[in-house]
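User: I am new to this structure and would like a careful look at one part of it, followed by a walk outward to other places that help me read the model.

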Amino acid sequence: MTAPADGRLTVITTHLNADYDAMGSMLAAQKLYPEARVVFPGSQEKNLRNFFVQSMVYLFNMVDIKSIDFDAVDRLVLVDTKQPGRIGRLAELLDRPDVEVHVYDHHPAQPDDIQGAYEVVELTGATVSIMTRIIREKGIPVSPDEATVMCLGIYEDTGSFTFSSTTEKDFNAAGFLVTQGADLRIISNMISREITPEQLELLNDLFQSAERYNIKGVEVTVSSVTTDRYVPDFAYLVHKMVKMEDLNAIFALGRMDNKIYLVARSRTSDVDAGAIARALGGGGHPYAASASIKEWTLAQTEQRLLDVLHTTLRSSKRARDLMSAPAITAAPDISCEEARNLLTKYNVNALIVVEKGPDRDNLLGYITRQIIAKALYLKLRPRVKDYMMTEMGAVGPDAEIAEIQEKIIDNKQRVLPVVDRGRVTGVVTRTDLLNALVQESRSGRSLPDPYKEEINARTRSVLRFMEERIPTPIIAMLATIGEVGAHLGYGVYVVGGFVRDLFLYRPNEDVDIVVEGDGIAFARRYAKMMGARVHCHEKFGTAVVIFSDGFKVDVASARLEHYRFPADLPSVEMSSIKLDLYRRDFTINTLAIQLNPGKFGTLIDFFQAQKDIKEKVIRILHNLSFVEDPTRVYRAIRFEQRFGFTIGKLTAHLIKNVVEMDFFRQLSGRRVFTELRLIFEEENPAPTVQRLDDYGLLETLHPDIVLDKKRRELFHSVRKVLAWHDLLFLEEPYLRWAVYFTALVEGCGRETTEAVCEKLGLAPRHRVIFTRDRFEAFDALNRIRRRMPLENSDLYRALSSFKTEMILFMMAAARGERIKKAIAFYYTQLRFVEPSVTGGDLKKMGLEPGPIFREILQALLDAKLNGVVKNRDDELNFVRNYVS
């Protein structure tokens, strides 16, 4: 081909094995260089040639590389690559000083990159996105067909905007192309194309030949296939395999047409696919890369690939990521009996034996549960130091998996201490290491133990979600909390119901903060900064920060709780966020969001809470959870009904066990009452009470309390009455729970009710509601029923002595609409009626104070209630007549 009339020939090209991004970028470059020729550096992918050449060929000023007069080329435009080894014969032009090179690319910089006279390099999901921005800024028109081709490149290279490399620029570029007429139907068909029988066979071969390697704690999959002829869309097949097998990293080798193609995909920061591909003569991104290899056989290439992986890969996990903290240690002089109690208390299988000094720990050895059990079985009474394992290694917090593996496996060491600046800060167990190496996926949901099995936190940034869901003042407050924690050197997290309800889309401004450090010191520092008050509870390491407007923030030190016996109150020690979350009741309450600067908005999920929230399941964290604290049973049922969840099978089984074993007998009645009160504060407690009855929990209060048809109807009636009351929007506080509790004990005699109140430890002011007022209320209801219809004054006298809670219960318990309406009339109108004439007015009328005053004012109130008097003049006349 000869040069154009002006003597200049511009060639636009891309990398070998061009994908849709490369094609779209070449088309975009042609818009910027209209006189240029588009040239493939080699034999392009078959699917691209079929699609573009057959249906969109008219868009491209395309020529075959064989027809190019290289001597006439004075400008080379490279798109979607900067690697000289990836542009075939056209690399010859790079050595000529008279050839001007322009580069448009989105790949990370490499030492051997082509240096262009003009470069536009940005880290975006697709090169087309960069080109589209330039076209848009220059005001160059784009036809619908051109927009479709370019947009297709963005969709493919961003994985339809799902790859982590996707940026805002990619969305903006795609949005612009859609406005220019990009056909999303065509794009969808191309992206989700059907697999041909030949491709399906190749995909099956990829599955069959796949081998998984664990290299320095990083799991990668290597698969090799061979076919006599070129099969298009090899990269697409590899991508499909990644999604089907949920692979973290794969390197697929395919020998086709006497050439070997490498396609690499990575979804973990531990594997840089681009770096591996570059070592084999290719290139790409950390998450997606490729290479073409001619000189080696498939076996040689695979061996070379494995060599590169062993040389390059290095797990990002360190001892601090694997360890359980704090380390449970024992002094060397304690008895084996005491050591066994420590193992049981903290539910671990080995103890680190140390002598604690003022500045550092003297690491002596470790002792296992098996050794202690055998010593006690033989009725020995040795000290721990007499039988501990003294040959042991230790690592620092930054130790890599390879070092940890050597010390645990090669030294046959059950537990490995992690020592930081002379102090034992944690331990790595054999199970921790095994799980880190094999990354096994558990098909069943076993209950986690932070000392026995891997609990790797799932983390992700939820900052944008927080900004959408949480009021701006609270976001600002959380940020300030994180800054205070950073200043003190503490990890700070918002935890519990606040985070749970964030993902349930439920409002919750009860902010609970956990501090990896001294929570009380943190609370005092934060309160002083904000000009707030603080109440501290030294025993539990907790504090409440109270702002001037009454808003409260609960602060707690990260805690490790243990129970001395079933149904005990927990004993508390300092801990890490992982063990603090492990002490909680249910998985859905174990989410935490870190607040420290740099990690603000990072969601931490150790116990698959997000999965359980998504599946709407209530699960406990370990099998003895209900034994340690039976009140969790009430909470499980309450949460189940509040959120519309279901209790998991194992959790339900454990509830039945703890009821059958009668652990509630040892439980403090006040703790049970606290849980019942929370249940009765719910919008609709009836389903929760029904579930309590299903599990036999009502009988634990008293055998006479059974949820029969009458009680169920009464609960339903109470709910209707309270809903009616709340719609009145009266600013009068009342004890909502007391109305439901009255319904619960309805039908029980005075003696039974006294026994229930005594068992639950109710305060005298509350006890009187159920043991006295309830019975008087039913007497009043009977009187009203017998005397209906009543004058307003009689209705007033019958009801005026009762508080709001009993009035509402009477409405619910009343039989017949007439009585309900009468009580409602009293509550909404009659109880507010007061005469304007007072004792002072009677004195002015010359009356002497005495019992007559009460008689006159009562007669006047009756007259006003019954409508006899309407205004003050009527009241004064009534009094004069009454006195005369």
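Where is the place of Pro789?

Analyst: This is a predicted model, in which local features need pLDDT of at least 70 and side-chain atom pairs count only at pLDDT 80 or more, while totals for chains, interfaces and linings use all residues. Residues are numbered from 1 along each chain as its sequence is written, and side-chain values use heavy atoms, with hydrogens and water left out.

The place of Pro789 is in the loop between H32 and helix H33, which covers 792-799; helices (H or I, at least four residues) and strands (E, at least two) are DSSP runs, numbered from the N terminus. The peptide bond that leads from Met788 into Pro789 is cis, with omega near -5°. Most peptide bonds are trans, and most residues other than glycine have a negative phi.

Helix H32, on one side of that loop, spans residues 764-787 and includes Asp773. Because its relative accessibility is 12%, Asp773 counts as buried (under 20% relative accessible area is buried, over 50% exposed, and in between partly exposed, with a 1.4 Å probe and protein chains only). The side chain of Asp773 is joined to that of Arg772 by a polar contact of 3.0 Å, a term for a pair of N or O atoms within 3.5 Å where, within protein, one must be able to donate a hydrogen and the other to accept it, and where residues adjacent in sequence count only if both atoms are side-chain atoms. Setting aside neighbours within four places in sequence, Asp773 is in contact (heavy atoms within 4.5 Å) with Val768, Phe802 and Met806.

The nonpolar interior can be followed from Phe741, which, apart from neighbours within four places in sequence, is in contact with Phe680, Val756, Leu760, Leu762 and Phe770. Phe741 and Phe680 are among the residues with the most contacts inside the largest nonpolar core, which has 121 residues; such a core is a set of buried Ala, Val, Leu, Ile, Met, Phe, Trp, Tyr and Cys residues joined through side-chain atoms within 4.5 Å. Others with the most contacts there include Leu478, Ile481, Ile513 and Met810. Another core, of 41 residues, lies apart from this one, and Leu27, Tyr33, Ile187 and Met190 are among its members.

Two further loops hold unusual backbone angles. Phe161, in the loop between helix H4 (144-157) and helix H5 (168-179), has a positive phi of about 70° although it is not a glycine. Tyr505, in the loop between helix H19 (497-503) and strand E19 (511-516), also has a positive phi, near 60°, and this residue counts as exposed because its relative accessibility is 53%.

The loop between strand E4 (100-105) and E5 contains His106, which is buried because its relative accessible area is 1%. The side chain of His106 makes a polar contact of 3.0 Å with the side chain of His285, and a polar atom of the His106 side chain lies 2.8 Å from the backbone oxygen of Thr124. Beyond neighbours within four places in sequence, the residues in contact with His106 include Asp21, Asp80, Glu122, Ala126, Asp157 and Tyr287.

Gln110 also has its place in the loop between E4 and E5, and with a relative accessible area of 18% it is therefore buried. Its side chain is joined to that of Arg278 by a polar contact of 2.8 Å, and, neighbours within four places in sequence aside, Gln110 is in contact with Gln83 and Arg278. Although Gln110 and Gln83 stand 27 residues apart along the chain, their C-alpha atoms are separated by 8.5 Å. Gln83, Gln110 and Arg278 are among the residues that line the largest cavity, as are Thr81, Asp105 and His107; a cavity is a set of points on a 1 Å grid over the protein atoms alone where a 1.4 Å probe fits but cannot get out, and lining residues have an atom within 4 Å of a point.

After this loop comes strand E5 (residues 118-121), where Glu119 lies; at 37% relative accessibility, Glu119 therefore counts as partly exposed. The side chain of Glu119 reaches the backbone nitrogen of Gly116 at 2.8 Å, and its contacts, leaving aside neighbours within four places in sequence, are with Val103 and Ile114. Measuring from C-alpha to C-alpha, Glu119 and His102 are 5.8 Å apart in space, while 17 residues separate them in sequence.

Conventions:
1 Å grid on protein atoms, 1.4 Å probe; cavity = no way out; pocket = protein on both sides within 12 Å on 5 of 7 lines; lining within 4 Å.
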